[in-house]
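Open the model in your viewer and keep the selection panel handy. The stops below run from one loop to the whole chain, then across to the partner chain.

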Amino acid sequence: MEETTTIQVQAVTKSFGKKVVLKDINFDIKEGRIYGFIGPSGAGKTTLVKMMVGMDIPDKGSIYLLGEKMPNLNILQQIGYMAQSDALYTALTGKENLMFFASLFKLDKSEKQKRIAYAAELVNLTADLNKRVAAYSGGMKRRLSLAIALIQNPQILILDEPTVGIDPELRLSIWNELVRLKNEEGKTIIVTTHIMDEAEKCDYIAMVRDGSLIATGTPRQLKDQYAVNSLDEVFLGAGRQAQ
Amino acid sequence: MRIVALVKRILLQIFRDKRTLALLFVAPLLVLTLMNLVFNGNTVSPVLGVTNGDPQIIKKLNDEDIIVLDYDKVSNINETIVDNNLDGFLQVEDDKTTLILLNDDPTIAKSLEMKVKQIYSKETQLKLMESIGMQSQLLSQDSMETSYIYGSSETELFDTFSPILVGFFVFFFVFLISGIGLLSERTTGTLERLMATPIKRGEIVTGYLIGYGLLALIQTVIIVLYAIHVLDMVLVGSIWNVILINIIVALVALSLGILLSSFASSEFQMVQFIPLIIVPQVFFSGIFSIEGMADWLQVFAKLMPLYYAADALKGVMYQGLGLSDISSNLYILLAFAIVFIVLNLFALKKYRKL
């Protein structure tokens with residue numbers, strides 16, 4: 001089966017002031033897979049993700065999404081983005097938040113209603129949809145952010161630490177749904193995390209440290225390569241090698 | 001369509017926030033009312049102590065609303081003034097007349113001095129003329145008539161700068177609320193989140209201008225109607241022109257508020273712009289005489305949007321000018337707004353290059 005490349009990152013370098021955040025990053029992301037970017041805070045995961053969405057541009061190199069060079073406004077219709085911090089309008093209800101973001105994408109009225117109902121159901125927020133976000137708990141806000149990322153039924157999902165502050169049961173159901181979206185709808189999903197447990201569920205892992213990819217491959221490949229039993233050990237081993 | 005969604009969302013947010021709503025609609029009225037009461041307060045009659053006063057003169061002083069207290073003998077005049085809360089003391093000794101003023105409030109002291117001097121010089125003139133045998137009939141009437149181009153003898157200081165205040169409050173409250181509105185969008189990260197949707201920068205700026213513009217429009221109409229009908233401010237020209245000027249003022253304040261919010265990283269920093277941006281505008285808005293300022297300072301005044309707004313408002317409300325007389329002011333204000341709006345588009349580049 002011919003695999004299409006959804007995202008291409010080519011020789012990307014980015015620095016803020018004198019600090020180099022990402023150095024010469026190269027990789028391709030294939031359609032219909034879950035990719036995990038793993039690394040400690042400050043490794044450059046968020047910067048990389050933001051450049052994919054087009055919120056930032058690389059100093060050197062380029063990023064292509066669905067064959068188009070980023071940043072590109074039309075491609076944004078195909079990206080569901082969930083930021084690391086919950087960017088929600090707290091004075092509005094959950095439903096109004098979903099409604100507002102739905103209006104920013106090209107969706108007709110009935111589709112909008114359907115997508116809002118679906119996204120709310122998925123993150124288990126249907127009962128709380130008419131409450132103001134100010135009254136939401138941390139986990140509920142996180143779930144609403146995820147629902148917003150899914151609102152326009154995007155082909156690509158870019159989720160920056162999606163499961164922080166979410167209880168284990170819901171985390172499991174969210175991961176199950178991500179897997180279903182990948183399998184049944186062929187969506188490409190990119191997740192950043194520092195939880196190695198979640199990394200195990202990814203099809204493909206890129207370990208980021210100090211702005212470089214220190215190891216890439218499937219969880220199985222990585223463990224074999226370093227001859228260890230857990231991704232934690234892979235991460236430590238790869239880190240030592242990089243130094 | 002995206003603009004409509006944005007406008008809807010902004011209005012919904014504002015209407016949920018009762019405090020902000022009150023600040024927008026009630027606070028300006030409250031402050032204007034207070035200003036009105038403060039400036040239209042009755043002037044207090046000055047109290048003057050007198051020794052050896054000519055009864056003729058005391059009567060004239062009384063006619064001029066001066067409360068005259070007669071003292072027989074005073075050993076220490078300064079102490080008497082301070083102890084008895086007098087504003088001044090008139091001491092007549094033989095040919096020599098001395099006026100001692102408390103001068104804790106220069107306005108009272110000056111007007112008291114002027115009145116006393118006037119009465120005195122008139123009286124001496126009269127006596128002089130009587131002594132040479134002229135009819136005093138001629139002098140009992142005012143020898144000079146005064147007429148006014150703007151206003152009347154009833155005009156008070158507040159009448160001339162109340163138009164400026166109306167413009168100022170529209171400017172100030174719109175600036176503050178629109179600036180903080182976009183700022184909270186920055187600080188909560190929702191602006192960044194918006195940039196991950198296909199919305200264009202121009203659509204964000206337009207949405208904000210329309211959303212807050214509608215609020216500013218309602219606020220402007222309320223302030224103008226309240227100022228004219230309830231506070232009875234002087235309005236010689238057309239009320240439509242007043243509303244038009246204020247809407248343009250609101251547009252300038254709106255675009256400036258959103259623009260400056262991109263240089264603030266918190267609400268506190270936004271408030272710091274008030275002494276930097278708002279207060280100087282008050283100095284150059286015409287409440288203080290601009291002609292009397294140094295030349296370079298006058299040039300500086302011309303960089304202030306409120307200078308043009310105040311000029312136009314005073315022109316219409318106090319001097320009764322028509323639209324054509326103030327059009328150049330309006331064009332300059334519109335130019336300010338356009339410049340700020342374009343700068344806004346560039347300021348948003350910080351969030352997304354496209």
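Start with Pro71(A), in the loop between strand 5 (68-69) and strand 6 (79-82) of chain A. Helices (H or I, at least four residues) and strands (E, at least two) are DSSP runs, numbered from the N terminus. Now add Met70(A): a cis peptide bond joins Met70(A) to Pro71(A), with omega about 0 degrees.

A note on what you are viewing. This is a predicted model, in which local features need pLDDT of at least 70 and side-chain atom pairs count only at pLDDT 80 or more, while totals for chains, interfaces and linings use all residues. Residues are numbered from 1 along each chain as its sequence is written, chains are lettered from A and ligands numbered from 1 in the order in which they are written, and side-chain values use heavy atoms, with hydrogens and water left out.

Next, select Ala227(A). This residue sits in the loop between helix 7 (219-226) and helix 8 (231-242) of chain A. Its phi is near 55 degrees, a positive value in a residue other than glycine.

Zoom out to all of chain A. You should find eight helices and ten strands. The C-alpha trace spans about 50 × 45 × 35 Å along its principal axes. Why does 18 Å agree with a compact globule? Because a compact globule of 243 residues would have a radius of gyration near 18 Å, and chain A has 18 Å. That radius is taken over C-alpha atoms, and the globule rule is 2.2 Å times the number of residues to the power 0.38.

Show chain B and go to the interface. The contact (heavy atoms within 4.5 Å) takes 28 residues from chain A and 24 residues from chain B. Together the two chains bury about 2,500 Å², 67% of it on carbon and sulfur atoms. Buried area is the accessible area (1.4 Å probe) that two parts lose on being put together, summed over both.

Select Lys50(A) and Glu192(B). Their side chains meet in a salt bridge at 3.1 Å, N to O. The count between chain A and chain B is two salt bridges (a side-chain nitrogen of Lys or Arg within 4 Å of a carboxyl oxygen of Asp or Glu).

Now colour the elements on the side of chain A that touches chain B. Helix 1 (45-53), helix 2 (94-104) and helix 4 (138-150) of chain A each give two or more residues. Helix 2 gives the most, with five residues.
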